[in-house]
Structures are given as structure tokens and as C-alpha cells.
Amino acid sequence: MPVLEVRNIRKSFGNVEVLKGIDFTLEKGGALSIIGSSGSGKTTLLRCLNFLERPDEGSIKVNGEVLLDCSDPSTLRESQIRQKRLHFGLVFQSFNLFPQYTALKNVLLAPKLIAKENHDWEKIRHDVYDEAYDIFRNIGLYDRMDNYPHQLSGGQQQRVAIARALIMHPDILCFDEPTSALDPELTGEVLKVINKLSEQKTTMIIVTHEMEFARDVADHVIFMDGGIICEQGDPQEVFNNPKEERTKQFLTRYSRSQ
């Protein structure tokens, strides 16, 4: 059974239909790259998956559980949205760290808040701290945990944002252009962390403009254009032997820009 099933997701803003019926599945431990030009609907799709936007039509299942079915009002209750959102972790383009908190406190903020609401923070705090330390070691920032965001490079801040998502144990970790706000020399350190997560079989959806990375990190790739999936399949096949003319045009333009 797929960890994620997305069926007929449609989303409009006013008279502009941004998503025109998106269907795909994602297996547990798989990495999905989504590529396409700006305005093709990639970020809106991620925002729908994370309940930052509400689709107009369609359904979303995680581990067989219906999180959203636009034809069933009982799945649309605002009171349930935060809990459903926990199935997904989202790493934004621009880190969105709290400047007044250290890197460690930024990572601990959400699990601490939820644990206090459940009145079990004191019971689990040592385990949560130990897990945070392990994550910081894994992303190569153990010695920078007590630094504030302004004391970190853009690449380091993005790695803290990844740690913040990981500590919530999402079923699916989503990246929205995770290197677009970085200088080119800092991009590699973030991509290295995502590659490591892929090797550890973290289930991921990666919206990226880094075409070589999209090809190499993913088990499956989707090319979006004009709010639809134009082509999808094995990354090597899509990149090296695209079947659709629009995919060929996009990849040719990318190759010429390199």
C-alpha cells in the first residue's frame, strides 16, 4: 500500500485554475522529485498536501487513512487540520527560523509545545533532547546548536529547518525549492543532507530547480506544466528519453542554460 495517494487534486485562485486534476502515489521510503517551470503548480501542490491551502476537489490518503476528501465535509473540519498536517513536514524556500531562538530551540519548539499540551513534556523531554542532538549530528551542525540564525550561513539555517521538520517524525518530508534562497556555494551542503536522507529511506517529495539533483536523488520524477502532470516515471527515463514534447522542450532549455 502506498504511503501517499493523491487523487484528482484541483485548486483555483479566483478564475485561475492552478491545479487541474493531479494524481500520483508515493511508496514508503521513496523519493519523488517534482520539476517544472515557475507557475506550473508545484508549490501549490505542496501547500495543498500540507493543508496550507485547501483543494477545491480531490482526495489525499496517508497510509490508507483519508485525510482529505473534498466530497466529504467531515474531512474538512478546521479543528482537525493541525493534526493532519503532522503527517507532513515542509521545508520552505526561506528557512523561516525564529531569530530570537537558538538553532536547538527552533528545533525543539514544536515538539515541546505539543508535549506540553498533552501534559507529558517532563516525561519525554530527555528523549526529545537526545533525538535533537542526534539529528544535529546527522546534519553536521552539532557544534552550532547554540547559535542564533543570524550567526549561521544560509545553508546552515536551511539544515536547521530540515532538523525542525525531522523531529516531528512526519510520514512524508516535503521540500519546496530548498536551495533557491542560497548562494551557489552553499547549495551543495543542503543537497548533501537531502541525499543522505534519501539513502536512509526517508519518504520525501522534493520540488526543485536543480535538475541533476532531481534526477539523481529520486526514485520517481514528475514533470508539471500548466497545472497538470505532463510526464512521470523513472528519473533516468524521463530525463534521458522524455516522451512528451513539452518535457523535451523544458529539459532542452535547462540543458542550454547550463
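In this predicted model, strand β9 (residues 220-225) and strand β10 run antiparallel and are joined by 5 bridges. Within this pairing, I222 of the one strand stands opposite Q232 in β10.

Both strands belong to an open sheet of 6 strands, whose order is β6-β7-β8-β3-β9-β10 and whose pairing is mixed. The edges of this sheet are formed by β6 (88-91) and β10 (228-233), each of which pairs on one side only. From one strand to the next, the twist averages 20 degrees. Helix α6 (residues 184-199) lies across three strands of the model, namely β3 (31-35), β7 (172-176) and β8 (204-207). The helix α6 runs at about 150 degrees to β8.

A further open sheet is built from 4 strands in the order β2-β1-β4-β5, with antiparallel pairing. Here β2 (16-26) and β5 (65-69) stand at the edges; each has a single partner strand, and therefore one side of each is left without a neighbour in the sheet. Neighbouring strands of this sheet are turned by 20 degrees against each other on average, direction ignored. Strand β1 (residues 4-13) is joined to strand β4 (residues 57-62) by 5 bridges, and the two run antiparallel. One of the residues in this pairing is R7, whose bridge partner in β4 is S59. Helix α1 (residues 42-49) lies across β1, β2 and β4 and runs at about 65 degrees to β2.

The aromatic residues are considered next. The count of aromatic pairs comes to 5. One of them joins W121 and Y129: the ring centres are 6.3 Å apart and the planes stand at 45 degrees, so the pair is tilted. Another is formed by Y133 and Y142, with 6.3 Å from centre to centre and 90 degrees between the planes, an edge-to-face arrangement. Ring pairs link W121, Y129, Y133 and Y142 into a cluster.

The solvent accessibility of the cluster residues is listed below.

| Residue | Relative accessible area | Class |
|---|---|---|
| W121 | 5% | buried |
| Y129 | 22% | partly exposed |
| Y133 | 25% | partly exposed |
| Y142 | 39% | partly exposed |

W121 counts as buried because its relative accessibility of 5% falls under the 20% limit for that class. Y129, at 22%, is partly exposed, since that class lies between 20% and 50%. The ring of Y142 also has a charged neighbour: R137 lies over its face, at 4.4 Å from the ring centre.

The chain as a whole may now be described. The chain has 9 helices and 10 strands. Along the principal axes, the C-alpha trace spans about 55 × 45 × 35 Å. For 258 residues, a compact globule would have a radius of gyration near 18 Å, and the 19 Å of this chain agrees with that value. Of the 258 residues in the chain, 50% are buried. Among contacts with a separation of 6 or more, 64% are made by residues 24 or more positions apart.

Definitions and conventions: Residues numbered from 1 in each chain as written. Predicted model: local features only at pLDDT ≥ 70, side-chain atom pairs only at ≥ 80, totals over all residues. Heavy atoms only, no water. Pairing = 2+ DSSP bridges. Axes fitted to C-alpha atoms, helices over the stretch in contact; angles between N-to-C directions. Contact = heavy atoms within 4.5 Å. Phe/Tyr/Trp six-rings, centres within 6.5 Å; stacked < 30°, edge-to-face > 60°. Buried < 20%, exposed > 50% of the residue type's maximum accessible area, 1.4 Å probe, protein only. Lys NZ or Arg CZ within 6 Å of the ring centre and 35° of its normal. Rg over C-alpha atoms; globule rule 2.2 N^0.38 Å.
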